[in-house]
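Let's take a walk through this structure together, one region at a time. Please keep the model open and turn it as we go.

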Amino acid sequence: MKHIENKFDVIVVGGGHAGCEAASASARTGAKTALITHKISKIGEMSCNPAIGGLAKGTLVREIDALDGLMGKVIDKAGIQFRMLNLSKGPAVYGPRAQADRQLYKKYMLEALQEQENLTIIEQAVEGILFEGKKVTGVVDKDGNEYLSKTIILTTGTFLNGLIHMGEEKKIGGRINDVNCVGISKSLLDMGFELKRLKTGTPPRLDAKTIDFSVMQKQDGDNPPKPFSYMNKDITNPQISCYITNTTLETKKIIQENLHRAPMYSGEIKSIGPRYCPSFEDKIVKFADKDTHHVFVEPEGYDTDYIYPNGVSSSMPKDVQDKFIRTIVGFEKVKFFEYAYAIEYDYLDPTGLKPTLETRHMENLFLAGQINGTTGYEEAGAQGLVAGFNAGLKALESEKTFTLDRSQAYIGVMIDDLITTGVDEPYRMFTSRAEYRLSIRADNADQRLTPIGIDFGFISDERKNAFVEKQEKLIHA
């Protein structure tokens, strides 16, 4: 194995939502950071739904933004429909959400990372972790090149031993049309970690030109749209419509007749999927009394015909998908761009983590995102932020650590849940998990968290000045 002189303070493995926030946060501490990902073109990829935020998730995004993270600023540039959910209820459970243009989101996320000081982006597939005793020392790529660092953050998403299911068909991959990663799983086993398995899934992608929107319920966004980031006052992007349609009794019948071909029920998939984002076949089994279900018809961008039918994730074979999708109102003549699939992947028990997201078993190794048993872009991004701050601080030999209490932030609730109770299914954030939800709302994340970021030195002068100005206005109002 050849050695090349690539030395960093922090190495972030993976360019998904956790990796992007981790790399940016680490670099903002002043640590010399490398983001290593197998494809730069996939940085910020929305592998599942083309949206950011929602109930509780929107609060996480506001908290990321209050600490000068990226997700809120990027979705404000890439959002194509903004809505505040739960407006009929109290502010404690409001949920800001935005549909995204997938390509614009990736574009603006990459630009934000490229503009970040102290950050180097490297296009390579990491295949192993270097360690000595109980300390990690670097990573090795598929070509045998070594990259040394003081701390490492793994943000591997669904790529650890990823296995894709479409009925009887199985394919190795961390995402459709992408390779998986076996080497990192092997390294983790060599270090003495125990790997477990979880499952998630995604619906098909459909051709808008073959959909009859006239028979669906139109769903417009808020007017005017409200930004996610506290640094933005207005959304200038043109806003587009989404739609709501329904499955039919025929849809239900086709699923019931073909349940034996669903990997979840044939025994091919033994791992557990997200309870609150189930596959459509799981809905049919668990809600057998319901004859129809809502499907949210979501465009994936301005310049694309790709449609995301939210609510019909599936692991059914392609021929069954061809049948049941076309029984949905308005989808009778639809054409597929991509078929739905389920994916199984490795994760680690998060009770083995410190509140900083450093592993207790191996020093200088931090974990963020689905490797900790969570699901969702927002949950991943929030973990990446915390792991990035702490990996940077530790690499710089600071005596400080960055942690948040349950009373301070949804981020604190999530991390406390993970490290104290662990997971037996993919973890998703809800307002009901936050016992202090009346005071840690989506509308006051900056007042709660920006002062903490200022004290640590993680906040830009621009944001600091804007925050101080806002606080003075509130005091004198």
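Strand S5, made up of residues 95-100, is joined to S4 by 6 bridges, and the two run antiparallel. If you would like one position to hold on to while you look at this pair, take Leu85, which stands opposite Gly95 in S5. Everything here comes from a predicted model, so please read the values below as computed from it.

Widen the view a little and the pair becomes part of an open sheet: 3 strands in the order S3-S5-S4, with antiparallel pairing. Which strands stand at the edges? They are S3 (51-53) and S4 (79-85); each has a single partner strand, so one side of each is left without a neighbour in the sheet. From one strand to the next, the twist averages 20 degrees. A helix belongs in this picture too: H2, residues 57-66, lies across S3, S4 and S5, and its direction is at about 80 degrees to S3.

Stay in this region for a moment, as S4 and S5 also come up when we turn to the cavities. A search of the whole structure finds 3 cavities of 30 Å³ or more. The largest cavity has a volume of about 50 Å³. Its lining consists of Arg62, Phe82, Arg83, Met84, Pro96, Arg97, Asp222, Lys226 and Phe228. The elements that give two or more residues to this lining are S4 and S5, and the largest share, 3 residues, comes from S4. What classes of residue make up the lining of the largest cavity? There are 4 nonpolar and 5 charged residues, with no polar ones.

Now move to S1 and S2. Strand S1 covers residues 7-13 and is joined to S2 by 4 bridges, and these two strands run parallel. Val13 has Ile36 in S2 as its bridge partner. Strand S2, residues 33-37, is mostly covered, with 5 of its 5 residues buried. Which way do the residues of S2 point? Thr33, Leu35 and Thr37 point one way, while Ala34 and Ile36 point the other way, and all are buried.

S1 also leads us to a residue in another strand. Thr151 is found in strand S9, residues 146-154. With a relative accessibility of 1%, Thr151 counts as buried, because buried means under 20% relative accessible area. Leaving out residues up to four places away in sequence, Thr151 touches Asp9, Val10 and Ile11, along with Asn364, Phe366, Ala391, Lys394 and Ala395.

Next comes another open sheet, this one of 4 strands in the order S11-S10-S19-S12, with antiparallel pairing. Why is one side of S11 and of S12 left without a neighbour in the sheet? Strand S11 (169-172) and strand S12 (195-202) stand at the edges, each with a single partner strand, so one side of each has no neighbour there. The twist in this sheet averages 25 degrees from one strand to the next. Looking at one pairing, strand S10 (residues 163-166) is joined to S11 by 4 bridges, and the two run antiparallel. Ile164 has Lys171 in S11 as its bridge partner.

Strand S19, residues 341-348, holds a residue that deserves a stop on our route: Asp346. Is Asp346 buried or exposed? Its relative accessibility is 4%, so Asp346 counts as buried. Not counting residues up to four places away in sequence, Asp346 touches Leu160, Asn161, Ser185, Leu195, Lys196 and Arg197. For a sense of distance, Asp346 and Thr403 are 57 residues apart in sequence and 26 Å apart in space, C-alpha to C-alpha.

We finish at a helix. Lys252 is found in H6, residues 249-257, and is buried, with a relative accessible area of 7%. Which residues is Lys252 in contact with, leaving aside its neighbours within four places in sequence? They are Ile284, Ala288, Asp289, Lys290 and Asp291. His293 is 41 residues from Lys252 along the chain, and the C-alpha atoms of these two residues are separated by 9.3 Å.

Methods:
Residues are numbered from 1 along each chain as its sequence is written. This is a predicted model: local features need pLDDT of at least 70, side-chain atom pairs count only at pLDDT 80 or more; totals for chains, interfaces and linings use all residues. Side-chain values use heavy atoms; hydrogens and water are left out. Two strands pair if DSSP finds at least two bridges between them. Axes are lines fitted to C-alpha atoms, for helices over the stretch in contact, and angles run from 0 to 180 degrees between N-to-C directions. Contact means heavy atoms within 4.5 Å. Buried means under 20% relative accessible area, exposed over 50%, partly exposed in between (1.4 Å probe, protein chains only). On a 1 Å grid over the protein atoms alone, a cavity is a set of points where a 1.4 Å probe fits but cannot get out, and a pocket is an open set with protein on both sides within 12 Å along at least five of seven lines; lining residues have an atom within 4 Å of a point. Grid points are joined across faces, edges and corners, and a volume is the space filled by probe spheres set on the points. Ala, Val, Leu, Ile, Met, Phe, Trp, Tyr, Cys and Pro count as nonpolar, Asp, Glu, Lys and Arg as charged, and the others, Gly among them, as polar.
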